[in-house]
Amino acid sequence: MVENKGSDKVFNYVVLVLMLLFTAITLVPLLFVLANSFSSADMVNKGAVFIIPKEVTFENYVSVLTNSDILMGFKNTFMYVVIGTVIQLFMQFTAAYPLSRKDLKGRSFFNIYFSLTMFVSGGMIPLFIVVKSLGMLNTIWAMIIPGCVSVFNIIVIRTFMQSLPWELQEAAMLDGCGNIRIFITIILPLCRAVIAVMLLYAIVGYWNAYFNSLLYITDRSLFPLQRVIQQLLVANEMSGAMGGAGAGSQALKGEVLKYVTIVVSSVPLIVMYPFFHKYFETGLMVGSIKG
């Protein structure tokens with residue numbers, strides 16, 4: 001017994017040290033970006049800022065929050081998040097519910113058919129041709145429709161629904177409830193945990209959307225926030241490469257604004273995550289293990 005307790009203590013200390021190390025690896029870059037975003041351009045240019053701001057200023061944030069392109073990117077991204085999240089949740093839950101029903105004819109075929117799409121795909125070029133043929137280029141739907149349904153998420157939701165007592169649905173059917181009413185009034189209220197997890201996944205996916213805009217969007221008025229930030233970084237590098245005092249000053253300002261835009265674009269997700277964290281174990285883990 002004594003040896004086991006001693007080994008447990010050693011194990012706990014090792015785990016504690018590793019967790020502190022992982023925390024530092026994660027936290028230091030965040031503090032570095034945050035400190036640079038609040039520091040003056042001169043201090044950032046000298047490389048004098050690490051995790052503590054030097055010559056603290058809020059001018060950098062004022063410049064970003066009053067920049068018309070940044071505000072446009074925020075507006076577009078917010079639109080993509082709201083519309084895309086609603087469509088994604090609707091499509092995935094309405095697909096998962098029939099697959100979870102024991103009385104669905106051809107259930108095995110549909111499960112295999114859906115699963116195959118996780119391993120076999122047409123590729124980027126056929127997808128681009130399909131999006132172009134449907135007339136979605138340079139529209140908001142090019143940012144929302146492609147990839148709005150994840151088979152992995154459908155499988156997780158389906159497995160979670162299968163873990164719910166089948167007797168509930170049988171009792172509802174005996175009382176005269178139809179499938180739609182059972183789904184809305186019985187199944188969905190019991191799926192709050194997995195709904196929260198899928199909601200977070202959808203919001204994060206659309207908020208960080210960049211590649212779709214690179215493929216399908218050339219109209220600047222439809223650029224999401226991540227694409228606007230990318231163009232800001234490219235413009236900063238080009239202005240710095242041109243040389244000259246004016247160009248160097250502009251590049252220096254862009255270097256500081258780079259850190260500010262990273263903070264501004266990340267804060268909404270960081271603030272939102274703790275409200276969803278408590279649902280992860282009951283939502284994602286239960287949905288992926290049981291069944």
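Start by selecting helices α5 and α8: R107, N111, F114 and S115 in α5 meet V151, I154, I155, R158 and Q162 in α8. A contact here is a pair of heavy atoms within 4.5 Å. Sorted by class, the residues where α5 touches α8 come out as four nonpolar, three polar and two charged. For that sorting, Ala, Val, Leu, Ile, Met, Phe, Trp, Tyr, Cys and Pro are nonpolar, Asp, Glu, Lys and Arg are charged, and the others, Gly among them, are polar.

Before you click further, keep in mind that this is a predicted model, where local features need pLDDT of at least 70, side-chain atom pairs count only at pLDDT 80 or more, and totals for chains, interfaces and linings use all residues. Numbering runs from 1 along each chain as its sequence is written, and side-chain values use heavy atoms, with hydrogens and water left out.

Now look at how the pair is arranged. The axes of α5 (residues 107–116) and α8 come within 10 Å and cross at roughly 145°. Each axis is a line fitted to C-alpha atoms, for helices over the stretch in contact, with angles from 0 to 180 degrees between N-to-C directions. Helices are DSSP runs (H or I, at least four residues), as are strands (E, at least two), numbered from the N terminus.

Keep α8 (residues 151–162) on screen and add α11 (residues 192–207): their axes come within 11 Å and cross at roughly 170°. That makes α8 roughly antiparallel to α11, a label for angles over 145 degrees (under 35 is roughly parallel, 65 to 115 roughly perpendicular, the rest oblique). Show side chains and you'll find N153, V156, I157 and F160 of α8 meeting V194, M198 and Y201 of α11. This contact has six nonpolar residues, one polar and no charged ones.

Next, zoom in on Q162, which lies in α8. Is Q162 buried or exposed? Q162 is partly exposed, because its relative accessibility is 27% (buried is under 20% relative accessible area, exposed over 50%, partly exposed in between, using a 1.4 Å probe and protein chains only). Draw a distance to A96: the two C-alpha atoms are 9.8 Å apart, with these positions 66 residues apart along the chain.

Then pick S100 in helix α4 (residues 68–100). S100 counts as buried, at 8% relative accessibility. Which residues does S100 touch, not counting residues up to four places away in sequence? They are R107, R158, M161 and Q162.

Hop over to S40, in the loop between α1 (2–37) and α2 (41–46). With 12% relative accessibility, S40 is buried too. Beyond its neighbours within four places in sequence, S40 is in contact with K54, E55 and T57. While you're there, check the backbone of E55: its phi is near 55°, a positive value in a residue other than glycine. E55 sits in the loop between α2 and α3 (59–65).

For another positive phi, go to N138, at about 55° and also not a glycine. You'll find N138 in the loop between α6 (124–133) and α7 (141–144), partly exposed at a relative accessible area of 32%.

Now select C177 and C191. C177 is buried at 19% relative accessible area, and C191 is buried at 0%. Searching the whole structure turns up zero disulfides (pairs of cysteine sulfur atoms within 2.5 Å).

Finally, zoom out. The protein chain has 15 helices and zero strands, and 36% of its 291 residues count as buried.
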